[in-house]
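Me: Please take a close look at one helix and the residue that follows, then place that part in its chain.

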Amino acid sequence: MYPSRFNYESPSTIDEAIALLDAGRGEAKILAGGQSLVPMLKLRFAAPETLVDINNIPGLGYHHFDEGGALHIGALCRHEDIEKSTVIAEGQPTIAAAAPLVADPIVRTRGTFVGSVCHGDPQGDWAACMIALDGFIVAQGPNGRREIPVESFVTGPFQNVLAHNEIAIEAVVPAPRGEARGAYLKLERRVGDFATAAVAVALDMSGDMVLRAGIALTGVGGTTVNAAEAADSLTGSTLDADSVSRAAELAAAAAQPRSDHRGSASYKRHIVNTFTARALSGIASSNERAA
Amino acid sequence: MTIDEIKIGGMGASRRRVEDNRFIRGRGNYVDDVVLPGMLHMEILRSPLAHARIRSIDASKAWEIPGVRLVLTGDMMATRNLAWMPTLSYDTQAVLATDKVRFQGQEVAAVIADDPYIAKDACEAIVVDYEPLPVIVNPMQAMADSAPLIRDDKENQPDNKVFDWEVGDREATERAFAEADVVSKLELHYPRSHPSPLEPCGSIADFDRSTGKLTVYMTTQAPHIIRAAVALVAELPEHMIRIISPDLGGGFGNKVPVYPGYVISILASILTERPVKWIEDKTGNLISTGFGRDVYLQGEMALRKDGRILGVRMHTISDHGAFFSDAQPSKFKIGLMHSAFACYDIPSAHLTATGMYTNKAPGGVAYRCSFRVTEAMFFQERMVQAAADDLGMDQAEFRRVNFVRDDDFPHRTAFGFLTDSGQYGKCLDVGLEAIGYEQFLKDQEEARKKGRLLGIGISTMTEPLGAGNSREYDILGIKMFDSAELRVHMTGKAILRTGAKTQGQGHETTWAQIVAHELGIPADDIVVEEGDTDTAPFGMGTYASRSTPVAGAAVAMVSRKIRAKARKIAAHLLEVSEEDVEWELGRFYVRSQPDRGVTIQDCSMAAYSNVPDGMEPGLENTAYYDPPNLTWPFACYIATVEVDPVTGVWDVLRMVAVDDCGVRINPMIVEGQIMGGLTEAYAMASMQFITFDADGNCVGSNYMDYLLPTAWETPGFELHEVVTPCPHHPIGAKGIGECATVGGPAAFVNAVMDAVKHLGVRNVDMPMLPDRVHQAVTTGSDVSGMPPVRTDAP
Amino acid sequence: MTSLYEEVSVTPVDVPVRRVTITVNGQRRAADIEPRLLLAHLLRQGFGLTGTHTGCDTTNCGACTVLFDGRPVKSCTMLAVQADGHSVETVEGLASASELHPIQEGFKEEHGLQCGYCTPGMMMAAKALLEENPDPSEDEIRWALSGNLCRCTGYQNIVKAVMWAADKMRASAG
């Protein structure tokens, strides 16, 4: 497998990268971790005229919580940086839970969080986490920066709303309103497989009370599914058997799975139900233990 | 002084592998590592459609790309009479399509260029105009009266049938069923799988016009068969063909057949007078080369109330894809399928088999098994479990009641095979003891009360390994013997060559151990070479676990020939008559004076410096071994599992393997073979399969969709052994490479079925995806792996 | 002899190349390459380091795993041009002139390989693991190697091989 020809640019500043994208008039593509893009080049599913490699732009590999408690993840922060991060392990449980389940350990050394969200694969794990967390992407273009909620960032399989001359320079998870609780449960047949189905759950809690909830689903629709009704059903309530099963049913109803060699549509819907319930029950029981 | 055989790396030594010295340094020499001066690179354009007429091929844009040297299409192959080639099963297969494409991935054109990137660019520039035709993706569709004729290129082929075949005694079996107290039935699908060695196929053809010699480096498990095939297909003189099979990155049966890519690269080298390298990509390997399985099996068992099996009936429908290219050497159309039930004492049996063409990739059908033995043993052990359940008998006891007894060998099976030896009951006992059978049944009962689903699955089987004997096994008429050539040098060091071809089995290590055992020459003093037809004696290659049973036997026999000559030399050196010379490992001595002796090294020195009058100098010989029978190893595999009733996910708790492969030459290597086989068994049971959509698109064309398990999912294995030496093999060894792949899958499936049978489930087809198991648990009914068929199908 | 051969184009290839300088196994090496060249291909064809194998095309098998600035990457999924100015370590860099790396010894001692095709990638992934975690559990080894496929061994002996190496490395670290 051999990619077709392209021009290769390796800018050292974001402005330079934006200028290159602008000049590319839609035929230039950003190369970050490359763990999705390079295989697509090899399979010749993608054949951009120009690749703009941002790996030599300094200062994009960060992740940190700001003073207000929002989590910022830079465009070159690798999956393994997140997996090994002590601040994320302590402060952002949904993302911490998903990190070891993204691709495989070798891919995680190179692939990036932001790149994965931009890739817009409905089977991608990070988009579900970001939607559950009300996260947004910060895009920078010739006219400056804008914030785009991930919910509306991905418009279809492998499509996003970035203009041809914009770069996603960071992902931001807003500060939780209470205590951040969360889980990511994924059914995969083996390490590195795409999800048969997966569920991201993010709750902001005060004691037993759910102040804010987000639930999003991987691999059960043309894009990542925001199970907003399921999440809303939890807001303002406690996690008990009734609220958990109601949310799980609503999440399953929100899924739009298709039958394929990973499983039937009805099975995937059932897994969404089961995993939503298991995620919420897990949070509830760890609350009880803590109490 | 007596030599310690283990110390010199003889039989029974877990000698560390000599081939590892290069592999761990990255100094293996695989075909893609070979670089020849002036070498060009070839890429193949494959059909995106499963069935279509080719209206036209326009390669003009490809020719215009700088660096392109040659573009080949079917029409150009046809001018050389190379558009089609014979298969190893007496069918024909398209090399490059001329009239139609008959499966997705079929070879349509090839580009030869300065580098592979350019060749790929040029492939993309070729425009093929296809007229789509109705597609057939399973054999039942192929049987329909309205089905389109796939092989309209053949004369006398009125339908899509490849063969009808039967074996056994129909009347006797009918009588057995008439007398039965209980008749147990089972129907299942063994899905299509792919051997998928990590290294794909490839070749470098190098035709030298000045000498007329064609040298081909090739990923082949059987270089001499390839040489014969090239001589026949390309009409080149056989002495002008040299096939070199370098290090192979796994084979598993995938590298036995002759593939179009090899043939095209040969013609390309002849035309360009440059070496031409073709390295297949992973997708090409998965969608076009020899697959395994894809058989529908149904059968029934006639049972007496006391648990004795009276008779077995089986019917199989096999899907051969677009060309019948089984690389199996038996005279039996469905391979050794009728080795089923060989470990059980069954009075009568009958098997009918139908093979069909479909619009899918053609086969090799061997995937780490001896020609359909995998399907046979899987059906056998699934059927046995179903029968035990129907009788309400313990599954271990049912097996024990029906096993062939230790004193009943050689045993003629109901299908006519002659099994050689075994201690079946003992193997089962070792396995049950190791797993803690009685305790597990209690734990299972307790767990079930709490809603947990535990299961235990047993699979016991003997299988025929080591094709062949030459009466019943040949490829293109070539008998299935094998060979070894041993040259002992003056200083007692030696080089051994065989007609087999290692692909990871460790021949370079174990063959030397056999010589060490026979001659007392330290294994480290023997170098082993295979794979070069100019230097190796003629042999049939490595597959069907035949290396040790056949080539290994030849190694022992050639060593004995050397020893016989050395004995004469020893008598000469010791100045006694040959009758007065005794042998112990590594040394001849005078019977009446044990202190007076000469070593094998003394004899080799004398062979070149001091031979008796009238004796030819030298200490070299060749042996060809035609085995009297197949070898019949036995295995007992027991798995325990827990099924999550909510998700259908099942986990292996323990996996115990008891293998009786006769005498073990290198126990470490034998255990490695078993663990590798068990992993492929687990893979097939859990995740690994290739399916097709109704349009014939292959689902499983890369490792994102065709799943091989990683270290994380693969369970741990607990290995045990029983040794029953093979009575007809010179060193008592039997085949082992494929036992676990063959016997393993049923252990996993039986375990999951055991966990859910109380819910009314009798069968879930492989792979037991969580979805399928969940469906079985929630509906209490069987789950078939029958591929989806469009209702408006042709 | 043949009309086919006369059709052959002999136009020289003229495409833009870039000069890259990469530290490979401690040595600085330069190459003029097309940007589309994959790192695995530069190592194999450009530098003759054929121990790095390519097994799949979809970033699954890990046979091409090398260390890139010390971290394991699948070299079939990086462009060679991206390695400009960086360091790459391949299987050929594991052994010193006089002795094998303990991981190499462990693979041989514990029969951690059969056909040898996955072995270089497997060993490089193991090296990265042991540098971070000198005393891994069986589960930690299985997890760390789960981006590398082996078709022959069933992994159990690979796990043992890495344990063997870890023991030896800890012992010699004293």
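Reply: G520(B), just after α14(B), takes a positive phi of about 75 degrees. This is a predicted model, in which local features need pLDDT of at least 70, side-chain atom pairs count only at pLDDT 80 or more, and totals for chains, interfaces and linings use all residues. Residues are numbered from 1 along each chain as its sequence is written, while chains are lettered from A and ligands numbered from 1 in the order in which they are written.

Helix α14 of chain B covers residues 507-519; helices here are DSSP runs of H or I with at least four residues, strands are runs of E with at least two, and both are numbered from the N terminus. Its 13 residues should span 18 Å at 1.5 Å a residue, and the end C-alpha atoms are 18 Å apart, which agrees. The expected span is 1.5 Å times one less than the number of residues. In α14(B), 13 of 13 residues are buried, that is, with 20 or more other C-beta atoms, placed from the backbone, within 10 Å of their own.

As for the chain around this helix, 64% of the 794 residues of chain B count as buried. Chain B has 19 helices and 34 strands. Its radius of gyration is 27 Å, close to the 28 Å of the globule rule for 794 residues, so chain B is as compact as a globular protein of that length. That radius is taken over C-alpha atoms, and the rule is 2.2 Å times the number of residues to the power 0.38. Along the principal axes, the C-alpha atoms of chain B fill a box of roughly 85 × 75 × 50 Å.

How values were computed: Buried ≥ 20, exposed ≤ 12 C-beta atoms within 10 Å, placed from the backbone.
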